[in-house]
Amino acid sequence: MNATNKSLKLRSSKRNNIQRLGFAGLGLLTFLTVLPILYIVVKIIVEGISAISMDFLLGFPTDGMRAGGIMPAILGTVLLTFGVTIAAVPLGIAASVYLAEYAPDNRWTRLIRLAIINLAGIPSVVYGLFGLGIFVLFFQFGTSILAASLTLGIMTLPVVISTAEEALRSVPRSFRVVSVSLSATQWQTIRRIVLPQSLPGILTGVILGLERAAGETAPILFTGVAFYLPTLPSSPLDPTMALPYHLFVITTQVPGMPSEIQYGTALVLLVLVLGLNLLATVIRSRARRRRQW
Amino acid sequence: MNKFILENLSLTYSDNVQALKEINLEIPAYSITVLFGPAGGGKSSLLRTLNRLNDLADVKQITGRADLLDHEGNILNLLDKSTDVIALRRRLSMVFARPIVLPLSIQQNLTYGLEVSGVRNRERLDQSVQHSLQQAALWDEVKDRLNDPAAALSGGQQQRLCLARCLALEPEVIMLDEPTSGLDPISTNKVEASLQKLKESYTIILVPHSIQQAARMADLAAFFLQGELIEVAPGNDLFINPGQVKTRDYVEGRFG
């Protein structure tokens with residue numbers, strides 16, 4: 001009796017050790033996956049923080065962009081993000097409501113869904129060429145904020161549509177049945193129950209889409225962005241500078257560029273994008289806490 | 001006085017399941033009609049046909065007649081495509097098996113039906129909240145926290161809230177599909193007592209969750225088996241002296 005107990009105990013301590021080893025290994029691998037990201041973020045902060053100043057954030061570039069600030073690029077990226085919001089968000093939400101709530105399940109809607117999934121996978125430079133062909137040349141918007149926003153908007157649409165549709169579908173069907181049984185129309189049900197309940201999910205998708213758009217270079221390369229502009233854009237039909245492209249320019253196209261300005265620019269872009277990301281996380285977690293189902 | 005007259009009513013879903021087979025039934029006003037029988041008998045399908053919630057389901061074919069009568073003897077054909085289903089659902093209100101509260105406050109749950117119908121008058125809405133909660137025997141428990149989320153209530157309270165929400169619509173008919181299936185005996189008693197009082201002013205159709213409840217509640221009892229209406233009789237007769245062998249076997253617990 002005693003002997004069996006002992007051997008059982010031995011075996012269980014061995015199994016415990018194997019479990020500990022396993023967890024330790026998995027933990028190490030997880031750490032390895034975030035290591036590059038941590039390294040990049042820390043490196044950018046360390047190398048770039050000294051460049052950050054009021055003059056850098058609010059000034060124009062001088063000395064062939066080797067000195068001065070990056071305000072036109074920051075403003076350009078903000079303007080483009082705003083443009084994308086107008087171009088993609090209302091359309092995307094409308095499409096997702098149609099797909100999730102109204103569309104019958106037939107060959108057409110399956111084709112539309114397939115198209116949306118595939119659009120999300122198209123390389124961004126292809127969107128750039130598409131924008132050049134359609135908006136810059138065919139509609140004659142020229143290289144402009146308008147053309148670039150529309151191009152980025154089309155690129156963002158699939159993200160918005162698919163995350164918003166997902167959010168709408170996650171609202172329990174029983175709410176819809178009850179609402180209709182209380183003599184609400186389908187539209188009243190959507191507006192009063194389904195949309196408010198899925199709004200946090202939709203917003204999260206929208207912000208993640210905008211964040212991707214804000215950081216893209218290829219789609220705006222041919223459609224709206226300029227190497228250097230001495231003045232700020234005064235209408236949507238003017239071209240603009242933008243942070244991602246500016247970063248590309250000052251790291252590859254300008255000889256004798258001080259590295260702290262490069263890293264400083266990267267830091268500003270990083271803060272902008274991570275800020276949006278943080279906003280999405282806050283919205284999501286607040287909504288989870290308040291959710292009643 | 002009859003509230004509903006069903007003639008040869010048949011319903012087939014798109015998966016070719018015939019949920020209702022040639023149903024002939026007259027449902028009287030101001031009484032409790034109990035539809036009972038084993039699962040899959042067509043009871044829920046019948047309720048959802050009456051208030052046209054089946055419009056949301058995959059229905060292949062409905063034949064026969066289903067008429068709703070009002071005080072003046074006007075007849076509304078429930079199956080007619082042109083029937084105003086929004087107005088209809090205000091007249092025929094429904095409580096479901098699981099208490100499904102909308103993700104709103106207690107107050108908003110109660111005013112939802114009136115608000116979507118265009119009622120804006122604050123006084124009328126408040127009155128309706130109090131009155132319907134009192135009818136459902138819930139007023140005393142929630143009167144101090146009407147703005148709390150309805151989801152914070154207990155299961156029994158939620159189901160009485162669902163009943164109150166139906167009453168707030170000021171319907172003519174209340175249809176209840178196993179309203180006490182998830183409730184404890186005390187909550188069940190409260191709901192049943194409310195219904196006994198409510199039948200003075202409403203027509204009630206109840207799908208009970210047990211034969212005992214059917215026997216307790218039925219003014220008129222209708223036994224459904226696999227889409228067929230086997231027997232209809234006043235509750236007192238049917239449960240004491242069933243006229244059909246199948247009814248007797250079921251009531252005596254030989255299958256179920």
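**Exercise 1. Work out which strands of chain B helix α1 lies across, and place those strands in their sheet.**

Step 1. Helix α1 (residues 43–50) of chain B lies across β1, β2 and β4 of chain B, and runs at about 65° to β2(B). A few conventions help here. The model is a predicted one, in which local features need pLDDT of at least 70, side-chain atom pairs count only at pLDDT 80 or more, and totals for chains, interfaces and linings use all residues. Residues are numbered from 1 along each chain as its sequence is written, while chains are lettered from A and ligands numbered from 1 in the order in which they are written. Helices (H or I, at least four residues) and strands (E, at least two) are DSSP runs, numbered from the N terminus. Angles run from 0 to 180 degrees between N-to-C directions, with axes fitted to C-alpha atoms, for helices over the stretch in contact.

Step 2. Now look for the sheet: β2-β1-β4-β5 of chain B is an open sheet of four strands with antiparallel pairing. Two strands pair if DSSP finds at least two bridges between them. At the edges, pairing on one side only, are β2 (18–28) and β5 (75–77) of chain B. On average, neighbouring strands here are turned by 5° against each other, direction ignored.

Step 3. Zoom in on one pair. Strands β1 (residues 2–13) and β4 (residues 59–69) of chain B run antiparallel and are joined by eight bridges. For instance, Thr63(B) in β4(B) stands opposite Ser10(B).

**Exercise 2. Trace the six-stranded sheet of chain B and find a helix that lies across it.**

Step 1. The strand order is β6-β7-β8-β3-β9-β10 (chain B), an open sheet with mixed pairing. Its edge strands are β6 (92–95) and β10 (228–234) of chain B. Neighbouring strands are turned by 15° on average, direction ignored.

Step 2. Take β3 (residues 32–36) and β9 (residues 220–225) of chain B: they run parallel, with four bridges between them. Leu35(B) has Ala222(B) in β9(B) as its bridge partner.

Step 3. Helix α6 (residues 155–168) of chain B lies across β6 and β7 (173–177) of chain B, at about 175° to β6(B).

**Exercise 3. Describe the make-up and overall form of chain A.**

Step 1. Count the elements: chain A has 11 helices and two strands.

Step 2. Check the spread. The radius of gyration of chain A, taken over C-alpha atoms, is 25 Å, well over the 19 Å that the globule rule (2.2 Å times the number of residues to the power 0.38) gives for 293 residues, so chain A is more spread out than a compact globule. Along the principal axes, its C-alpha atoms fill a box of roughly 90 × 60 × 35 Å.

Step 3. Look at burial. Of the 293 residues in chain A, 39% are buried (20 or more other C-beta atoms within 10 Å of their own, C-beta atoms being placed from the backbone). Among the buried residues of α11(A) are Ile261(A), Tyr263(A) and Leu276(A).

**Exercise 4. Find where chain A touches chain B.**

Step 1. In all, 16 residues of chain A are in contact (C-beta atoms, placed from the backbone, within 7 Å) with 19 residues of chain B.

Step 2. On the chain A side, α7 (173–181) and α8 (186–215) each give two or more residues. The largest share, seven residues, comes from α7(A).

Definitions and conventions: Contact = placed C-beta atoms within 7 Å. Buried ≥ 20, exposed ≤ 12 C-beta atoms within 10 Å, placed from the backbone.
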